[in-house]
Amino acid sequence: MVKNHFKTMSYFIYCQVYKVYYLVYYDFMIKFDVITIFPKIFNSYIGESLIARAIKKKLIKINIHNLRKWTTDNHQTVDGRPFGGGLGMVMMVEPIYKAIRALAKSQITNHKLQTNHKSQEKIKRKVILFTPRGEKFTQKMAFKLSKLDQIIFICGRYEGVDERVAEKIADIKLSIGDYDLMGGELPTMVCIEAISRLVPGVIGKEKLLKERITKSGGFIEYAQYTRPEVFIIKDRKKWKVPPVLLTGNHKNIEEWKKAHAKEILD
C-alpha cells in the first residue's frame, strides 16, 4: 500500500516537473521566420549540429519562407528596375509587406490557441532588414533579441530593397560588418546562431550560460586548451599548455581565466 502511494506521488512529481519544463522550454521558445528568394540555402544549416538539435528539442523554431509565395503574377516577380535609373534590380515592397502581415498574423493566431497565462500577453516581435547601412550587430544586441517571441528576417538580394521596407516595415536595420554581401541569408544565419546559443539548453547545461553571460548582456570568452599537454612540431619546438591549468587548483585556474578573459559586448 505504501509502495503504491509512493509510486503515485513520484509519478505526480514527475508530471509537475515535466509541465514546468514544457512551459519554460516549449511554450516560450523563440521563433525565427526567414523571408528569402533562395530558401534551399538554409537546408544544411538548420539540418545539422546544435541548431538541428535545438529545433528537435523545441527550444527554437525556424521557418523558411519563399518570398515568391506572396507575388500575384505568373512569373512570381519580386524585383523591379529602380526609379531614377541605375544598374541592377531592386526588391519590391508589395510582396515583402504581404509576407510580414501573413507571418505576424500567423504568430498571433497560434499564440491565442495556447491555454496558459502567456496567451494574454502581447507578443514580443521584431522585423529585421539586413543592409550595409544598418546598425552593427553585437553580442549585446543578440542578448536582447534572445528575449523575444518572434523575429522575422528579411533577406535582401540584387541591388537592394525598396527603401519603404526600411522606413515603414522593418523595426531594425541591421549590418553584421563593414562590407557588402550578395544577400541577407548569411547575416540571418549569423544572427540565428548568436541568438540561439543564448537560449537555455541549446549549447549544453544552463549553468554554462550563467557563468559566461555578464549583467550587461555580454559574453565572456577566454583562452582554452586540450590534449596534448605538449605539442611538438617539426623543428622540435614545443607548444605547451599553461602549467596552471594542469595543477587541479581550482582557485588558481579561475584567477588565470579571469586574467585571460575578454567580455564580448560591442
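**View 1. Ring pairs join F32, F130 and F153 into a cluster.** This is a predicted model, in which local features need a pLDDT of at least 70, side-chain atom pairs count only at pLDDT 80 or more, and totals for chains, interfaces and linings use all residues. Residues are numbered from 1 along each chain as its sequence is written, and side-chain values use heavy atoms, with hydrogens and water left out. Searching the whole structure gives four aromatic pairs (Phe, Tyr or Trp rings, the six-membered one for Trp, with centres within 6.5 Å). In one of them, F32 and F153 are stacked, with 6.1 Å from centre to centre and 20° between the planes; planes under 30 degrees apart count as stacked, over 60 as edge-to-face and the rest as tilted. This pair brings together distant parts of the chain: F32 belongs to strand 1 (residues 30-36) and F153 to strand 6 (residues 150-154), 121 residues apart. Helices (H or I, at least four residues) and strands (E, at least two) are DSSP runs numbered from the N terminus. F32 is buried, with a relative accessible area of 0%, and F153 is buried with a value of 0% as well. Buried means under 20% relative accessible area, exposed over 50%, and partly exposed in between (1.4 Å probe, protein chains only).

**View 2. The largest nonpolar core has 32 residues.** Which members touch the most others? They are F32, L145, I151 and F153, so two rings from View 1 turn up here again. A nonpolar core is a set of buried Ala, Val, Leu, Ile, Met, Phe, Trp, Tyr and Cys residues joined through side-chain atoms within 4.5 Å. The elements that supply two or more residues are strand 1, helix 3 (49-56), strand 2 (60-66), strand 5, helix 5 (139-145), strand 6, strand 7 and helix 7 (185-196). Helix 7 gives the most, with five residues.

**View 3. The largest pocket holds about 490 Å³ of space.** Of its 26 lining residues, F130, T131, P132, G160 and D180 are the closest to the centre. Strand 5 (125-136), helix 6 (163-169) and strand 7 (172-175) are the elements that give two or more residues to the lining, and strand 5 makes the largest contribution, six residues. Sorted by class, the lining has twelve nonpolar, eight polar and six charged residues. For the classes, Ala, Val, Leu, Ile, Met, Phe, Trp, Tyr, Cys and Pro are nonpolar, Asp, Glu, Lys and Arg charged, and the others, Gly among them, polar. A pocket is an open set of points on a 1 Å grid over the protein atoms alone, where a 1.4 Å probe fits and protein lies on both sides within 12 Å along at least five of seven lines; lining residues have an atom within 4 Å of a point. Points are joined across faces, edges and corners, and the volume is the space filled by probe spheres set on them.

**View 4. The charged end of R197 sits over the ring of F219.** The distance to the ring centre is 4.7 Å. Such a contact needs NZ of Lys or CZ of Arg within 6 Å of the centre and within 35 degrees of the ring normal.

**View 5. A54 and D149 each have a C-alpha partner elsewhere in the chain.** A54 lies in helix 3 and is buried, with a relative accessible area of 1%. Its C-alpha atom is 8.5 Å from that of I203, 149 residues apart along the chain. D149 is placed in the loop between helix 5 and strand 6, and D149 is buried at 5% relative accessible area. The C-alpha atoms of D149 and K126 are separated by 8.8 Å, with their positions 23 residues apart along the chain.

**View 6. Backbone details appear at K58, P228 and R236.** Most residues other than glycine have a negative phi, and most peptide bonds are trans. K58, however, has a positive phi of about 60°; K58 is in the loop between helix 3 and strand 2 and is partly exposed at 41% relative accessible area. R236 has a phi near 70°, is found in the loop between strand 9 and strand 10 (238-240), and counts as exposed at 62% relative accessibility. The peptide bond from R227 to P228 is cis, with omega near 0°, and P228 is in the loop between strand 8 (219-222) and strand 9 (230-232).
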